[in-house]
Amino acid sequence: MSNNNLSVISLVSLGEHPTSRRPRRAEQDARAIELGIKLVGDNLQTLHAGELSDDASQQTALRSYLGMGLAEIKLLEMPADADAVLVIADYLKQQKTDIILTGVRAENGESSGMLPYLLAEQLGMAMVTSIADILSIDEVNKQAEVLQALPRGQRRKLKVDLPFIASVDMAAALPRQSAFGPAMRGQFETTLGGTFTDEESSDWQIVDAKKRPKRLKIIKAKTAADRFKAATAKASGGGGKVVYGVEESAQAILDLLIEEGLI
Amino acid sequence: MSELFRRDPRAQWIARNRLHPLHQALVIGPVFGPSGLLRKNLHLIGFIGPNGLKRIDRSGASNNSEQGSRRSATASEVILPLHQVVEPAFYIVVVLDLVSGRLNSHDKDTLGLAQQLANRNSGGGAVVAIAFGELKDDSLDKAGVDRLIHINDEQYADYNPEQRCNDLQGIIAELEPQHILLPDSINGGGDLGRRLAAALQQRPACGVWKLNDDTVICRGSAGKRDITRPLSKLLLVMEECSEPISETRHENSLMSQAPSPLTNGKLLDQGNISVDPNAIPLAEAGFILSGGNGINDWEQFHHTASVLGATEGASRVAVDDGNMPRERQVGATGTWVTAQVYIAVGISGAIQHMQGIGQCDKVVAINTDEGCDMVKRADISAIGDSTEILARLVELVEQRKQIKQTINGGATNE
């Protein structure tokens, strides 16, 4: 695609591996960068709000985005627990952007998935959630066609007015590998972002997630005999229908498929 | 049958008269002896079983004695008590997902939590459910809906979150609800809830899975941490956040709502596009045609899958034999599938395979062996040669497609 005068910004966050808890690139953000590179190639701008720690492992998380072939990441410096929305909104208000790409939700912190919505509200842009691809961009009519990921692998085509914010779903194309050399060579362009502390979240209690209790099958039987029956009875076969003969079988299966609305 | 209890004076007279020849047959209930003590005739309890032994069935299930017939006029269907809120002290708004016009379990759990919020402390709140688009479900009263706002228009059949968000803002300004609940789902609730939160400038609690008195527990950090935080106005709740309503009926009365003006959104729905069924990940495919050891003609299997528009799956044997790629394997060692319809062709049903299809809705087995485990599990079992049955099925489906095409063609020609 030749979209040289299109301005695309992708917002990246620090990811965290679900089991090892090691910092890594966030999977959805990496997909957003992949999509951005597909759209505009080297002209993709990348933005991160946070602090650049001296911790090498934290830096590797951010640098692994650089390893995807980006020349630099714009870093809006702010404390790690501050509110990123206002910082990013302040920055983006001064820019002329056509498309902003984010992940659906962060892998760290509250991960409410509100950031793209709040940005869209503050910048007055359209917001599309969980997209899998951007099909085409019509710069004359200021419209884009995007593919939205739906449950069960289905896709919906949407027309969106430019400029817009899109959150990229896991259904989007896999991100390219991060290469070590470019990751080390890439630059951070640091500007001071300001501090908007998030006071509300300071008194929240945050603990490691416990496994949620499995829902019990509650039997609301009035008599002891009913309860006994419910506790001991085997799950009956449900009366599976057995059909013999080619013609009858095919017809029975077809009827089921029609009933379920699959044909 | 009439609900009235009819006396039979003659039977009563015989029951009183212990010397009557028919007395023994009529009296089985308690009899009071001359001293006023309760006398039970133990010989008359129970019945003689098939092996000649006396059996006493205390469950009441097979109670076809006179006692049963005397009380036969009891109502068969249980009518749940009606929970009424005449003048609501406050409102709790629930926006339903309504996938294909029906309540799903996530909606029901959300309504259950809403009822908890409406009835906590002194109670008196009413749950207002908001339904967009077509509504096919008629069990809303049993799911805990006190009031219903149904917004139905042509355009609500499409994806129009901006318009829905506008409508919701109007409703919320009018009702001033204490809490607004939406299912935090990928079926639209999560998207709409966050849009609404941004528009109302309310900080939502996302991923709520438990309500304690004045706090909620949310899943944060993409499922890795639990956050306990104060109850907020807007709640996006997870599945199984609360028990669904099951013991009461609710009014489900329609509230009128002035339609909000239609706005031109920045999003335009172009409809779903057809996807290659084999590009859908097996775990989330809705319709799977799965092949096993009993298949001889794999060409025909692939052809059938493409005609039916089904995602292909396979049993372990088929994969080990090299007939299907490894990522198509269904079962405990492969992929756990959640299909709506699962057709197992020539799969006898090893326990690992049965575990993998445990969450499937409808299972169809095509097999030559009538006694295999898959046939026991299946909703429809076709016993016969799979090659012939699949060939006939393809024929039928193609016939049906042709008929549809000619009808559609005729309609457009006119």
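Hi everyone, let's start where two helices meet across the chains: the axes of helix α4 of chain A, residues 115–123, and helix α7 of chain B, residues 189–200, come within 9 Å and cross at roughly 45°. Keep in mind that this is a predicted model. At that angle, α4(A) and α7(B) are oblique to each other, and α4(A) passes α7(B) in a right-handed crossing.

Who makes the contact? From α4(A) we have Y117(A), L118(A) and E121(A), and from α7(B) come D191(B), R194(B), R195(B), A198(B) and A199(B). Sorted by character, the residues of this contact divide into four nonpolar and four charged, with no polar ones.

That brings me to charges. Side chains of opposite charge can pair when their charged atoms come close. A search of the whole structure finds 26 salt bridges over all chains, and I'd like to walk you through a few.

Let's take R229(B) and E110(A). They form a salt bridge, with the closest N and O atoms 2.7 Å apart. R229(B) sits in strand β12 of chain B, residues 225–230, while E110(A) is in the loop between β6 and α4 of chain A, so this pair joins two chains. And is R229(B) buried or exposed? Its relative accessibility is 3%, and under 20% means buried, so R229(B) counts as buried.

Now have a look at E243(B) and R215(A), whose side chains meet in a salt bridge at 3.6 Å, N to O. This pair also crosses between chains: E243(B) is in the loop between β13 and β14 of chain B, and R215(A) is in the loop between β12 and α6 of chain A. E243(B) is partly exposed, with a relative accessible area of 40%, and R215(A) is partly exposed too, at 30%.

My last pair is E247(A) with R392(B), a salt bridge at 2.7 Å, N to O. Here the pair runs between chains from helix to helix, with E247(A) in α7 of chain A, residues 246–259, and R392(B) in α12 of chain B, residues 386–413. The partners fall into separate classes: E247(A) counts as partly exposed at 38% relative accessibility, whereas R392(B), at 18%, counts as buried.

Finally, which residues are joined into one network by salt bridges that share partners? They are E16(A), R21(A) and D208(A) from chain A, together with K224(B) and R225(B) from chain B. Thanks for listening, and do bring up the structure if you'd like to look at any of these pairs together!

Note on methods
Residues are numbered from 1 along each chain as its sequence is written. Chains are lettered from A and ligands numbered from 1 in the order in which they are written. This is a predicted model: local features need pLDDT of at least 70, side-chain atom pairs count only at pLDDT 80 or more; totals for chains, interfaces and linings use all residues. Side-chain values use heavy atoms; hydrogens and water are left out. Axes are lines fitted to C-alpha atoms, for helices over the stretch in contact, and angles run from 0 to 180 degrees between N-to-C directions. Helices (H or I, at least four residues) and strands (E, at least two) are DSSP runs, numbered from the N terminus. Angles under 35 degrees count as roughly parallel, over 145 as roughly antiparallel, 65 to 115 as roughly perpendicular and the rest as oblique. A crossing is left-handed if the near helix is turned anticlockwise from the far one by less than a right angle, and right-handed if clockwise. Contact means heavy atoms within 4.5 Å. Ala, Val, Leu, Ile, Met, Phe, Trp, Tyr, Cys and Pro count as nonpolar, Asp, Glu, Lys and Arg as charged, and the others, Gly among them, as polar. A salt bridge is a side-chain nitrogen of Lys or Arg within 4 Å of a carboxyl oxygen of Asp or Glu. Buried means under 20% relative accessible area, exposed over 50%, partly exposed in between (1.4 Å probe, protein chains only).
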